[in-house]
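Please find below a few points on the model, set out in the order in which I went through it. They move from the overall make-up to one helix pair and then to a single residue.

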Amino acid sequence: MKAIKPMIVLFIAVAFVIIMIPAVLVLPFSSDKTSGKLDEQLEQKAKEEGKEVSTNEMSAVEVAVYRTSAKKIQKLPIESYLAGVVAAEMPADFEEEALKAQALTARTYIVDQLINDNRMGLPDGADVSDTVMHQVYMNNDELKKQWGSDYKWKMKKINKAIKETQGQILTYNGKPITATFFSTSNGYTENSEDYWEAEFPYLKSVSSPWDKESPKFYNKMVVDAADFEKKLGVSLSSGTTIGTVIERTSGNRVGVVEIGGKKLTGKQIREKLGLKSSDFNWERQGNKIVITTKGYGHGVGMSQYGANGMAREGKNYEDIVKYYYKGVKVQSSSKWMNTMTAKK
């Protein structure tokens, strides 16, 4: 029996080692539950701060934004960039589905910009500017200054729209579209070829009656007659009638005006006089020209106030974008993201 006891002790020791070593080896890799709790805590903290945790935050694809005021380039992940664009481009108190539609157009725009390498007018190393030349972008500090105590709830709402459309873009015939948008229509959107030279089959005029509720639907400005003549390069007669509209667009905006034998497009007049819209009318009052406009922006693509009106009627973001962009599909951007990642 005395000889057997050491054998028993040895057997127990070996068995213990055999059982415990696999457990020790597996233990460091069986922390799914623990990391899940950590993720939940981080996400909860982020939500309290008005942010969202996004897998795209760790993406290799970044957007190089030229900050025009600081005259420097800022690099940030695409989804973070989009939050700053949606916050700057659309009122945060708009309906959630309208914000999602805006997120979709903004993401489509930047993906298209990155894959096409169009850097005209930008300094070396920049992908876009932070102005209307591309998409308006504001960072967190700028938004906090602008929104004050409303910052947290507004960013939380915007980040929710970004997250719930994450990775989605708009395509036509399998390619990202030129996803133009603007504030307020005159009741109709505009054909792309009626405002720009390029014709896009998905940028066609549609009725947008919701815009009439926009505070930007009507605008009035007064211009000195001398400035009016100088800016347009025309000479006014002494009468009250100033020019004649000889052509209108499909979106019921001014196509061509004839003034004293000179023909100008509605777009030219809008840009030269700094009008809110190319749907305008005017009258002379002494030495002043009183100009009234209907709508705000170029009118091509998605109307933001129209999108909000549709959302209020119960339409979702896909309904909205497919209404304003004809024949498009909502598609994953992974194909293009992978291409851009490979370039990096």
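1. The protein contains 12 helices and 14 strands, and it should be kept in mind throughout that this is a predicted model. Of its 344 residues, 44% are buried, while the accessible surface amounts to about 18700 Å², with carbon and sulfur atoms contributing 53% of that area.

2. As for contacts along the sequence, among those in the protein with a separation of 6 or more, 68% are between residues 24 or more positions apart.

3. Two packed helices are described by the angle between their axes and the distance between the axes. For helix H5 (residues 140-147) and helix H6 (residues 151-164), the axes come within 9 Å and cross at roughly 125°, and H5 is therefore oblique to H6.

4. Which residues make the contact between these two helices? On the H5 side they are Asn140, Leu143, Lys144 and Trp147, and on the H6 side Tyr151, Lys154, Met155 and Ile158. By class, the residues of this contact of H5 with H6 divide into 5 nonpolar, 1 polar and 2 charged.

5. Is Ser192, a residue of helix H7 (residues 192-195), buried or exposed? Ser192 counts as buried because its relative accessibility is 0%, where buried means under 20%. Leaving aside residues up to four places away in sequence, Ser192 touches Ala198, Glu199, Phe200, Leu203 and Val300.

Terms used
Residues are numbered from 1 along each chain as its sequence is written. This is a predicted model: local features need pLDDT of at least 70, side-chain atom pairs count only at pLDDT 80 or more; totals for chains, interfaces and linings use all residues. Side-chain values use heavy atoms; hydrogens and water are left out. Axes are lines fitted to C-alpha atoms, for helices over the stretch in contact, and angles run from 0 to 180 degrees between N-to-C directions. Helices (H or I, at least four residues) and strands (E, at least two) are DSSP runs, numbered from the N terminus. Angles under 35 degrees count as roughly parallel, over 145 as roughly antiparallel, 65 to 115 as roughly perpendicular and the rest as oblique. Contact means heavy atoms within 4.5 Å. Ala, Val, Leu, Ile, Met, Phe, Trp, Tyr, Cys and Pro count as nonpolar, Asp, Glu, Lys and Arg as charged, and the others, Gly among them, as polar. Buried means under 20% relative accessible area, exposed over 50%, partly exposed in between (1.4 Å probe, protein chains only). Accessible areas come from the Shrake-Rupley method with a 1.4 Å probe; for residues, only the protein chains shown count as cover.
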